[in-house]
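This briefing sets out selected features of the structure shown below, grouped by topic for reference at the bench. Please read it alongside the sequence and the coordinates.

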Amino acid sequence: MTNLDAGKFTLREATPEDDGAIAALVIDGFLDKFRPVFGRGMDESVKIMEKWVSLEHRFGGVTSFVIEGYEAGEIIASVGVRVAPSEDDVMARGLWRTLNRNLGFLRAMWATTMLSYPRYTALTGEAYVERLVVAPEARKQGLARSLLDASYDLARETHKRSVGLHVSGNNIPAMRLYENEGFTEVSRQRSLMTAKFLNIRDWIYLRKDL
Ligand SMILES: CC(C)(COP(=O)(O)OP(=O)(O)OC[C@H]1O[C@@H](n2cnc3c(N)ncnc32)[C@H](O)[C@@H]1OP(=O)(O)O)[C@@H](O)C(=O)NCCC(=O)NCCS
């Protein structure tokens with residue numbers, strides 16, 4: 001455990017009990033992205049995301065970190081870091097079952113297509129950072145930076161040479177954060193589909209060498 005800001009916050013590795021809180025934070029932090037994906041199924045979005053987070057932890061090679069806030073047990077920030085191989089077939093089947101059950105076939109097909117962006121092929125020497133999110137009331141206090149520091153430490157412990165991530169081209173706060181952290185652009189995917197429906201035209205792949 002790491003104490004941040006003179007004991008105000010606690011950063012720790014997530015346990016399965018945190019999956020629900022992580023899911024709620026992620027849906028809240030990326031509402032603009034998830035509203036068009038889930039549409040009328042938005043009420044089910046936290047449940048679906050919880051299942052997804054749980055699959056990532058069990059089969060996706062992902063370790064998450066969380067930060068507890070003022071009240072013990074209240075999760076105010078989190079990040080996922082993929083450092084081990086992912087059982088992609090198991091993940092895809094599990095996610096599809098959850099989407100289909102909660103949204104119905106057509107909406108599940110739509111959500112699967114939308115959630116397939118950005119596309120990323122895992123590299124063995126790289127840790128991949130995803131769903132970094134800080135609760136709105138806790139932003140601008142260095143919490144995202146602390147979660148990234150924990151991600152770099154985990155990446156080094158697992159013998160990675162770099163950390164990679166994707167950011168959408170219109171996410172200025174996140175772009176500034178990553179630039180200041182020393183990430184540089186490797187490539188970008190352009191999608192007319194997500195430009196039209198999610199208002200995200202560019203998905204930028206960034207990397208930082210450790
Ligand atoms: C992006 C996000 C994670 C930043 O979290 P945060 O805890 O507020 O960030 P930090 O306080 O650690 O900020 C670190 C640096 O990021 C940059 N930054 C953060 N928020 C910023 C903003 N609103 N505008 C410009 N730069 C910003 C600054 O360079 C800042 O350093 P500084 O305070 O020394 O200037 C947060 O805004 C968030 O959760 N957004 C919604 C989800 C999201 O977009 N996640 C990123 C997905 S790729």
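Ser64 is found in strand β3, which spans residues 62-68. In this predicted model, Ser64 counts as buried because its relative accessibility is 2%, and buried means under 20%. The points below continue with Ser64 and then turn to the ligand, two helices and several further residues.

**Ser64 in strand β3**

- The side chains of Ser64 and His57 are joined by a polar contact of 2.7 Å.
- His57 is also among the residues that Ser64 touches when those up to four places away in sequence are not counted.
- The other residues touched by Ser64 on that basis are Arg12, Glu13, Ala14, Ile22, Val79, Gly80 and Arg131.

**The ligand and its shell**

- The ligand is surrounded by 21 residues, of which Leu132, Lys140, Gly142, Asn171 and Asn180 are the closest.
- An N or O atom in the side chain of Asn180 lies 2.5 Å from an oxygen atom of the ligand.
- For Asn171, an N or O atom in the side chain is 2.6 Å from an oxygen atom of the ligand.
- Gln141 contributes through its backbone, where a polar atom is 3.2 Å from an oxygen atom of the ligand.
- On its own the ligand has 920 Å² of accessible area, and the protein covers 77% of this area.
- Two or more residues of the shell come from each of β5 (126-134), α6 (143-157), β6 (162-168) and α7 (172-180).
- Helix α7 gives the most to the shell, namely six residues.
- Sorted by class, the shell has eleven nonpolar, six polar and four charged residues.

**Helix α7 and the loop that follows**

- Ala174, Met175, Leu177 and Tyr178 are the buried residues of α7.
- These residues lie on the same side of α7 because they cover an arc of only 160 degrees around the axis.
- Pro173 and Asn180 are exposed on the other side of α7.
- The packing partners of the buried residues of α7 are β5, α6, β6 and β8.
- Gly182, just after α7, takes a positive phi of about 90 degrees.
- Gly182 belongs to the loop between α7 and β7 (184-190).
- With a relative accessibility of 41%, Gly182 counts as partly exposed.
- Apart from residues up to four places away in sequence, Gly182 touches Arg207 and Lys208.
- Gly182 and Thr121 are 61 residues apart along the chain, and their C-alpha atoms are separated by 22 Å.

**Ser162 in strand β6**

- Ser162 lies in strand β6.
- A relative accessible area of 6% places Ser162 among the buried residues.
- Beyond its neighbours within four places in sequence, Ser162 is in contact with Gly125, Glu126 and Ala127, and also with Arg207, Lys208, Asp209 and Leu210.
- Arg207 and Lys208 are thus named as contacts of Ser162 and are also touched by Gly182.

**Helix α2**

- Helix α2 covers residues 31-38, and Lys33, Phe34, Val37 and Phe38 are buried in this helix.
- Because these residues cover an arc of only 100 degrees around the axis, they are on the same side of α2.
- The cover over the buried residues of α2 includes the helices α1 (19-29), α3 (45-59), α4 (88-103), α5 (105-115) and α8 (192-198), together with strand β8 (202-209).
- Just after α2, a positive phi of about 50 degrees is taken by Gly39.

**Lys8 in the loop between β1 and β2**

- Lys8 is located in the loop that connects β1 (2-4) and β2 (9-13).
- The relative accessible area of Lys8 is 33%, so this residue is partly exposed.
- When neighbours within four places in sequence are left aside, the contacts of Lys8 are Glu68, Gly69, Tyr70 and Gln141.
- Gln141, a contact of Lys8, is the residue with a polar backbone atom 3.2 Å from an oxygen atom of the ligand.
- From C-alpha to C-alpha, Lys8 and Phe197 are 40 Å apart in space, with their positions 189 residues apart in sequence given as their separation.

Definitions and conventions:
Residues numbered from 1 in each chain as written. Predicted model: local features only at pLDDT ≥ 70, side-chain atom pairs only at ≥ 80, totals over all residues. Heavy atoms only, no water. Buried < 20%, exposed > 50% of the residue type's maximum accessible area, 1.4 Å probe, protein only. Helix = DSSP H or I, 4+ residues; strand = E, 2+ residues; numbered from the N terminus. Arc of directions from axis to C-beta. Contact = heavy atoms within 4.5 Å. Near = heavy atom within 4 Å. Polar contact = N/O pair within 3.5 Å; in protein donor to acceptor, adjacent residues only side chain to side chain. Areas by Shrake-Rupley, 256 points an atom, 1.4 Å probe, with all protein chains shown as cover. Nonpolar A, V, L, I, M, F, W, Y, C, P; charged D, E, K, R; others polar.
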